[in-house]
Amino acid sequence: MSLLPPEAHTALTQLLQALQSTDNSARSQAEERLTTEWVNQRPDMLLMGLAEQMHDSPDEGSRSFAAVLFRRISTRTSKDPSTNENKEIFLHLGHAQRGQIRTKLLESHAKEPKAAVRNKMSDAVAEVARQYTDEQVLNPDGSRDTWPELLNALFQASQSPDPAVRESAFRILETTPGIIEKQHESVAYGVFEKGIKDDSADVRLATMSAFSSFFASLTKKSQPKYYGLIPDILNTLVPLKESQESDLLSKALMAIIELTETASKMFKNVFSQLVTLCISMVQDKELDDQARQNALELMATFADYNPAMCKKDPNYTNDMVTQCLSLMTDVGLDDDNAEEWNAQEDLDFDESDSNHVAGEQTMDRLANKLGGQIVLPPTFNWLPRMIASGAWRDRHAALMAISAISEGCQELMESELDKVLDLVVPALGDPHPRVRWAGCNALGQMSTDFKGTMQTKYHGIVLPALIPVLGAPEPRVQSHAAAALVNFCEEAEKEILEPYLDTLLENLMQLLQSPKRFVQEQALSTIATVADSAESTFGKWYGSLMPLLFNVLQQPNERELRPLRAKAMECATLIALAVGKEKMGQDALTLVQTLGNVQAGIVDDDDPQESYLLHCWGRMCRVLGQDFVPYLPAVMPPLMKLAQAKADIQLLDDEENVAKFEQEEGWELVPLKGKYIGIKTSTLEDKFMAVELITIYAQYLEAGFAPYVIEIMENVAIPGLAFFFHDPVRVASAKAVPQLLSSFKAAHGLNSQEYVKLWQETIAKVLEVLETEPAIETLAEMYQCFYESVEVTGKDCLSNDHMAIFITSAESVLKDYQQRVKEREDEAKEREDGEEAGEDEEFAIEDDQTLLSDMNKAFHTIFKHQGPSFLPHWERLLNYYDVFITSHDATQRQWALCIFDDVLEFCGATSWHYSSHIIQPLLDGMRDDAPANRQAACYGAGVAAHKGGDAWAEFANHSLPILFQVTQRANARSEDDAFATENACASIAKILHFNRAKVENVGEVVALWVDTLPVVNDEEAAPYAYAFLGQLVDEQSAAVMAKAPQCFTYIAQALEAETLQGNSAQRAVATARKLVQTAGLDANQLLAGLPAETQQTVRAYFG
């Protein structure tokens, strides 16, 4: 019996028929009526009517359509007039109405005879269930309504004699596992256990998927209760493998992969058997590729989440490497002579579902997670044999394996690069083109992963072998050789490239004549990279290349030529940067005018030239400097259009729309409460690049860019700080703000009314985002924006209100940080021995360290420009410093020490008020095992002597023995410890200079101090140390005169290391001259004992 009035029931039935009409006009009118007459005016009748259609309609299609429409309508959101909050439509209904509809839904689901229709009803039930788990839905008595009837109905359905009904119950549980509450867990265990053993494979798989979803929703403490189900879950795999049911096996493996991502340790007791089983699946060529790849993926997931367990298993690494290499030979099976491959011009052709790609990607993951010591032995047990094989696929796989593992095995492979290159370089002459291509790929990857070493030590091996491959008969090999050269050249110094430039560029010029456009495009990219690295030495080739590039840019703007024209613009502007405007002469202006013509000719949204132009304009600004200012009126309007673009967002609530947007490039889909939000990322990427370019203009044009600053600040940069649709836009905006301020200051002056007004408006907004920015990584950028802006504006630019707001936001950030640290510590306690933190946690720790570092710089900048006036605000955070300074985490101790250093440095004698908080941390810090903390504490002791006055004199004097201990530690001069040692040296010098009256036995202390030199790493410490040495030479200190030759050498070493520059260097040279004269030294003899480079540097100073 219908609960709706008869006329409403009839009207709704007619509406549903019209919505399914094949007549577009009739359907559009019906959709309009659905929204205006039903959704907006009587949603209760609409949802009840749809529930009754599902329950009572004799027509299968009507029941199915009603279920789909119910799901879509019930999840739409609208504003609740009583609370002004957005709610989904189902939750707008009264308690009684919701109850009636829920009952109809469950009855419909239970009695539906058709599996396809029942599945759509399952989706509708799941969506309503999700609303009850996501939101706090209340009963009339104020208690929480959790739809208790649902769980009972699903448990009953899971016991149904009909396997399709049982499967449907688990489908709903998979979508909304939150309906299973703590008190139901024992019953749930039995339901899952029975489902996993079900006679129907479909039910078993649905159960596994539901269990995986449910398990992920549990707390860490609750998870072990369900470990007992693991043997039964794994037992589902064997019959599926034996019966060759690849699709079902793939689904089962995906469920286990999700479980592994949640709690890999639950498989600890069965891991060895699981390895054997999965490896047998990967080997089984009777299975579909997807099933084999999913078995491989499951094993790789263990490496991602529990590398220790993988390392302990005696077979895991060897078997995985063997199977990866085997899959990597599964390439070009129907194309033995590579005819099809050679003819393929779409180099972005998607092969991500291929076995050889799965093998390569897994090798990369194994190397990164297990490390070189574990992965290299079994890999190099195979590689020499494969390289020597008569089968080209073996040789190809070996080379691709080297590409895949070089990043993860970087440290060990770098020490054996000679041997690796002995395997790779001969492949460039292989008879098979795909092997030569793989050889280029390996060298390109190695040039990146072993950057520096490859370029400095092995250029004589790599370049003479790689450059001739540019003349290969196959265009794809030519192109890939040129791409490998990009990787090599972008990390090479111009001195390394110079001897090869002629041969390299002659070959690249030949490629510009290729009939294949993709080869021409790659050649232009490579030439651009060579120009960027070769800098002025590229000038010889300027006259040959630039006319060719102008010729390309003056061709008709045909669609197929646009990518080539874009590459030509990139190449021309990078060459311009390399050779400079003097070398270019009139060409510089011609190039700018040509770029303007290209810009004027862009009419299509998908024209690749548009995004290339942004970077090209930026390069020409750097080339021309102030000469670029006259072109701004033409350049800025299209740039501002991109920079002010709004986010293009679509709310997608049906599967057809979702599928459509998934196929379109440039869109990102974000799930939200049963729907998807589509965000057009291509628009946002253009916006990001536009803001970046604005920053370049402001930086290089300074006052010349000032006329645009106000408009940009108001309409682009400040709104961009809160552009939450795209993190990179917020980051770019944060980098733009200080440059815009600097540009405006250069034009108007710091104290002008115009600048003061801009500053007041800007700092208010910047302080606001310090409180609202949700992403940790981006918040660090916001703090950088803040302190760089304060640095631009300078002394006393912050009011008391500004400083109070800053401290409030900083306190909130520190509270959140402490909570994150606690959560990570709690998770670490639950990990078993050998179980490592996941990659996400490693990134989170890194983000937090960056955030603390940038917050530190913000405090430093405020103290620098505000001095003691900041102290009353800063005091509010003292309890945090007291906690951080005693933390077992070295980063937190460092954070507090650096802040104490700032208090000492910028607040002078006033800082003594906080001595009870500072003294002991500095003393402990100088003994800290973390070198960075010793460095900070040693610096603080020196600053106390330098800036603290009489109040700190006693502390400074008592610090001397500890500072000397720092310089005498084992490995005091190692790379990690050098900065702490040199800061100790400089601080002893400060104490002896500023606090000499308090020091006993000054002569003995000075003699000991001389032995703490040289300072050849820390550019901040060196001037203090060598200034004090100069003072001692002026005084003809006995301690210095006794060690005059050593002191001369220490000065020479600092000059060669460039820790002394400018005036400091000149004063040190004067000290050295005086030392030579006073102590009667033979400077030439002393220099002769030093390395040739040091001699050359010092002689240049001495003239």
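Here, buried means under 20% relative accessible area. By that cut-off Phe859 is buried, because its relative accessibility is 0%. This is a predicted model, and a whole-structure search turns up 36 aromatic pairs. Below are two of those pairs, a couple of charges over rings, and one annotated span.

**Aromatic pairs**

- Phe211 and Tyr226 make a tilted pair, with 6.0 Å from centre to centre and 50° between the planes.
- That contact ties together distant parts of the chain: Phe211 belongs to helix α11 (residues 201–217), while Tyr226 is in the loop between α11 and α12 (230–235), 15 residues apart.
- Both partners, Phe211 and Tyr226, are buried.
- Phe806 and Phe859 count as edge-to-face because their planes sit at 75°, and the cut-off for that class is over 60 degrees. Their ring centres are 5.1 Å apart.
- This one also bridges distant parts of the chain, with Phe806 on helix α42 (residues 800–830) and Phe859 on helix α43 (residues 839–866), 53 residues apart.
- Phe806 comes out at 0% relative accessibility, so Phe806 is buried.

**Charges over rings**

- Arg385 puts its charged end over the ring of Trp382, 4.6 Å from the ring's centre.
- Lys687 lies over the face of Phe723, and the distance to the ring centre is 4.8 Å.

**Annotated span**

- An unreviewed UniProt entry carries the annotation "domain: TOG" for residues 362–601.
- In the model, residues 362–601 are 75% helix and 0% strand, and the C-alpha atoms at the two ends of the span lie 46 Å apart.

Methods: Residues numbered from 1 in each chain as written. Predicted model: local features only at pLDDT ≥ 70, side-chain atom pairs only at ≥ 80, totals over all residues. Heavy atoms only, no water. UniProt positions renumbered as here; feature names shortened; annotations may be inferred. Helix = DSSP H or I, 4+ residues; strand = E, 2+ residues; numbered from the N terminus. Phe/Tyr/Trp six-rings, centres within 6.5 Å; stacked < 30°, edge-to-face > 60°. Buried < 20%, exposed > 50% of the residue type's maximum accessible area, 1.4 Å probe, protein only. Lys NZ or Arg CZ within 6 Å of the ring centre and 35° of its normal.
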